[in-house]
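Got your viewer open and the cartoon display switched on? Let's walk through this model one selection at a time.

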Amino acid sequence: MKRLLQLSIPLFLVYLALTGNFELSNLVVGAIAALIVSLLLPKGELPPFSLKRIPGFLAAGIGYMWTVAIDVIRGGISTARIVLDPKLPINPGIIAIPSGSKSELGTALSAHAITLSPGELVVAIDDEGVMYTHCLDVTDTEKFIEKAQSTRKNFLSKMFE
């Protein structure tokens with residue numbers, strides 16, 4: 001029961017934030033949808049819920065979102081430079097990036113953040129959490145992405161571990 005509430009309450013709040021509709025019928029639909037999704041999620045270990053963790057979780061979440069936003073802007077500028085250059089200076093390839101996260105959720109969020117960045121796409125994740133990422137320019141991206149992954153891992157570990 002505790003796990004169900006721990007999952008369904010945040011899902012319900014996200015649903016309300018996305019819909020922006022606080023009518024009773026929407027609240028009921030959101031609550032039912034959150035409960036169903038919570039029941040369908042795989043049974044796994046969740047970090048223990050504690051009110052003391054909420055400020056740290058929120059701070060890490062804001063830091064994570066800020067980092068992802070900066071990565072997307074940098075990736076967009078870099079991709080625009082490549083595309084607008086008449087010589088089309090690309091050096092495409094696939095690099096392996098260890099997620100460094102202990103949880104599957106942390107690895108999935110890291111892969112999502114990388115894929116959001118223009119010019120980078122996670123094409124596969126192995127059992128150890130190594131993300132194989134296609135990049136438009138391997139030489140520049142490899143240095144940048146490992147540093148960015150380290151920052152994301154730091155925020156994700158504060159949120160989920």
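Follow the chain along its sequence and you'll meet the pattern α-α-α-β-α-β-β-α. That makes five helices and three strands. Keep in mind that what you're looking at is a predicted model.

**Zoom out**

Show the whole protein before picking anything. Its C-alpha atoms fill a box of roughly 60 × 35 × 30 Å along the principal axes. Now switch on the surface: about 10,400 Å² is exposed, and carbon and sulfur atoms supply 69% of that area. Of the 161 residues, 30% count as buried. If you look at contacts with a separation of 6 or more, 69% of them come from residues 24 or more positions apart.

**Stop 1: helix α2**

Select residues 24-40, which is helix α2, and find V28 in it. Then add L24, I32, I36 and L40 to your selection along with V28: together these five make a nonpolar surface patch of about 520 Å². Is V28 buried, partly exposed or exposed? V28 has a relative accessible area of 41%, so it is partly exposed.

Stay on this helix and click N26, which is also in α2. This one counts as buried because its relative accessibility is 9%, and buried means under 20%. Who is around it? Setting aside neighbours within four places in sequence, N26 is in contact with Y15, L16, T19 and N21.

One more click here: V37, another residue of α2. With a relative accessible area of 38%, V37 is partly exposed. Try drawing a distance line from its C-alpha atom to that of L7; the two are 30 residues apart along the chain, and your line should read 8.7 Å.

**Stop 2: the salt bridge**

How many salt bridges does the model have? The count comes to one. To see this pair, show R152 and D71 as sticks: they form the salt bridge, with their closest N and O atoms 2.7 Å apart. It ties together distant parts of the chain, since R152 sits in helix α5 (residues 138-160) and D71 in helix α3 (residues 53-84), 81 residues apart. Turn the surface on again and look for them: both R152 and D71 are buried.

**Stop 3: a loop with a twist**

Next, go to the loop between α3 and β1 and pick L88. Check its backbone angles: phi is near 50 degrees, a positive value in a residue other than glycine. Why point that out? Most residues other than glycine have a negative phi. As for cover, L88 has a relative accessible area of 46%, so it is partly exposed.

**Stop 4: the nonpolar cores**

Now select I95, I97, A111, I114, V122, M131, C135, V138 and I145. These nine residues are the largest nonpolar core. The elements giving two or more residues to this core are β1 (93-98), α4 (104-116), β3 (130-135) and α5. Click on A111 to see some of the packing: apart from neighbours within four places in sequence, A111 is in contact with V122, I125 and M131.

There's a second, separate core too. It has eight residues, and among them are A60, V68, F155 and L156. Give the two cores different colours if you like.

**Stop 5: the hairpin**

Colour strand β2 (residues 120-125) and strand β3: the two pair in the antiparallel sense over five bridges. Which residue of β3 stands opposite E120? That's C135, a residue you also picked for the largest nonpolar core. Then move to the turn of the hairpin, where four residues lie between the strands and G129 takes a positive phi near 85 degrees.

**Last stop: just after β3**

Finish in the loop between β3 and α5, where you'll find D137. Is D137 buried or exposed? Its relative accessibility is 13%, so D137 counts as buried. Show what surrounds it: leaving out neighbours within four places in sequence, D137 is in contact with I82 and N91.

Terms used
Residues numbered from 1 in each chain as written. Predicted model: local features only at pLDDT ≥ 70, side-chain atom pairs only at ≥ 80, totals over all residues. Heavy atoms only, no water. Patch = residues over 30% accessible without salt bridge, like charges linked within 9 Å, V, L, I, M, F, W, Y side chains within 5 Å. Areas by Shrake-Rupley, 256 points an atom, 1.4 Å probe, with all protein chains shown as cover. Salt bridge = Lys/Arg side-chain N within 4 Å of Asp/Glu carboxyl O. Buried < 20%, exposed > 50% of the residue type's maximum accessible area, 1.4 Å probe, protein only. Core = buried A, V, L, I, M, F, W, Y, C linked by side-chain atoms within 4.5 Å. Contact = heavy atoms within 4.5 Å. Pairing = 2+ DSSP bridges.
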